[in-house]
Each structure stands twice: as structure tokens, then as C-alpha cells.
Amino acid sequence: MERLLNISESKQIPERYQGTPIFKLFEYHNLGKEHDVFTNPQMLIGSCMDFRLSFNIPRNFSYMIRTGGANMANMEFKISFAISVGDIKHIAIIGHSDCAMTKLSLNETKFVRGLVKHAKWTKKLAIKHFNNKSLEFGIKDEIDFTLKEVSRLRKLYPGIDIVPLIYKIEDCKLALINE
Ligand SMILES: [Zn+2]
């Protein structure tokens, strides 16, 4: 089975998402549907902080949490806020292809040098920071990690519809991860 379900027509969106904000997310972002007007948030998007990710969604449509690798660790209070106060029932966790969090070790030298140069850190502290945190925040595979986060969050929020997606850097489209 293909790991990703590409969506370039609305009929490719699985029927179970009909009438949900997940369906709308695909329509806006992938299919260029005209933006509707919203006054209340419809969903929460948790995605990577990567600068290449840009979402074509209407104003007021979605809460957004962006962190390296779409890692939602320590984001639970914010997620709970969106669910309770924002009244949202749908969450998309969106990993992406070519995520820098899968190859942190390649950036170690630049990471240390950059902190020393730009942030005026000592080299020792920068190395320690990298070594301490790169294991915690590094991921092996974008799809596997997104599925793992979704599975963790589904256990935490059993009443909420939580869907794993991938943002493809190649064509800037969203794809569903086949589960
Ligand atoms: Zn990333």
C-alpha cells in the first residue's frame, strides 16, 4: 500500500471526512476552493515550523501550533485549550517531506557556529545544547513520526478526530497518510 494518499480532486477525499473541516482543509489548500467566511475556529493544525510550509486556508479557520518536526510534545495545554475554549473537534497533525529534524546531525556544526556567532553563546554551551536536545527532538522518518504523534494524541483525546497528513515540499500539496 502506498504510504500517502494524494488528493487532487474532491472525490479522492475519503468519505468519512465529508462535512468536516478536514475535507475543507483539502478543498482550500489542495483544490484552491474559494475561502468561506468564518467567525469561529473550525480545527487545529499542528505542523512543522519549517519556513517552506504555507497553508492556503481562510482567516479564522484554524488554530495553528508549529514546532520542529510537528512534534506536539509539551503542547498538550495548548491543544486542550483549542479543544475546550475553541470548541474544535478536529485536529490535523501535518509532517512534511525533507524535514530537517530527520537529519539534525548534518547541521551540528552550523548549529554550534551559528549560536556562537549570532546569539553570542559560548561554544561549549552551544555544543551541550545541541547534544542534549537533538536526541529529544530529532526524528527518523516524517511519516512514522507523524503517525506516532497522532496515535499518542488519539489516546489523550479520544473524543477528537485526529488525522495524520504530510505536506509535500515537492508540490506544496497535502496528502493523507494511509493508516
Ligand atoms: Zn520539518
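Angles between helix directions count as roughly parallel under 35 degrees, roughly antiparallel over 145, roughly perpendicular from 65 to 115, and oblique for the rest. Keep that scale in mind for the first of these close-up views, which come from a predicted model.

**View 1. Helices α3 and α4 pack against each other.** Helix α3 covers residues 108–119 and helix α4 covers residues 123–137; the two pack at an angle of about 135°, and their axes are 9 Å apart. That angle falls in none of the three named ranges, so α3 and α4 are oblique to each other. Their crossing is right-handed. If you would like to find the contact on your screen, α3 brings E108, F111, V112, L115 and V116, while α4 brings K123, A126, I127 and F130. Sorted by class, this contact has 7 nonpolar residues, 2 charged residues and no polar ones.

**View 2. Six strands make an open sheet.** Following the sheet across, you meet its 6 strands in the order β1-β6-β5-β4-β2-β3, and the pairing is mixed. At the edges sit β1 (4–6) and β3 (62–67), each of which pairs on one side only. From one strand to the next, the twist averages 30°.

**View 3. Strands β4 and β5 run side by side.** Strand β4 (residues 90–96) and strand β5 (residues 161–168) run parallel and are joined by 7 bridges. Two pairs make handy landmarks here: H90 has D161 of β5 as its bridge partner, and I93 stands opposite P164 in β5. How enclosed is β5 by the rest of the structure? Of its 8 residues, 6 are buried, so β5 is largely enclosed.

**View 4. Strands β5 and β6 form a hairpin.** On this side of β5 the partner is β6, with 4 bridges between the two strands, which run antiparallel. I166 stands opposite A175 in β6, a good pair to look for. The hairpin leaves 4 residues between its strands, and C172 in the turn has a positive phi of about 60°.

**View 5. Helices α1 and α5 pack on the sheet.** Returning to the parallel pair, β4 and β5 share 7 bridges. Helix α1 (residues 21–29) packs on the sheet and touches β2 (43–48), β4, β5 and β6 (173–177), with its direction at about 45° to that of β4. Helix α5 (residues 142–156) also packs on the sheet, where it touches β4, β5 and β6; the direction of α5 makes about 160° with that of β4.

**View 6. Two loop residues have positive phi values.** Which residue in the loop between β2 and β3 is worth a look? It is N60, whose phi is near 70°, a positive value in a residue other than glycine. N60 has 13 C-beta neighbours inside 10 Å, so it counts as partly exposed. The other residue shown is A70, in the loop between β3 and α2 (76–84). A70 is not a glycine either, yet has a positive phi of about 55°. Is A70 buried or exposed? With 32 C-beta neighbours inside 10 Å, A70 counts as buried, since the cut-off for a buried residue is 20 or more.

Notes. Residues numbered from 1 in each chain as written. Predicted model: local features only at pLDDT ≥ 70, side-chain atom pairs only at ≥ 80, totals over all residues. Pairing = 2+ DSSP bridges. Axes fitted to C-alpha atoms, helices over the stretch in contact; angles between N-to-C directions. Contact = placed C-beta atoms within 7 Å. Buried ≥ 20, exposed ≤ 12 C-beta atoms within 10 Å, placed from the backbone. Left-handed = near helix turned anticlockwise from the far one by under 90°. Nonpolar A, V, L, I, M, F, W, Y, C, P; charged D, E, K, R; others polar.
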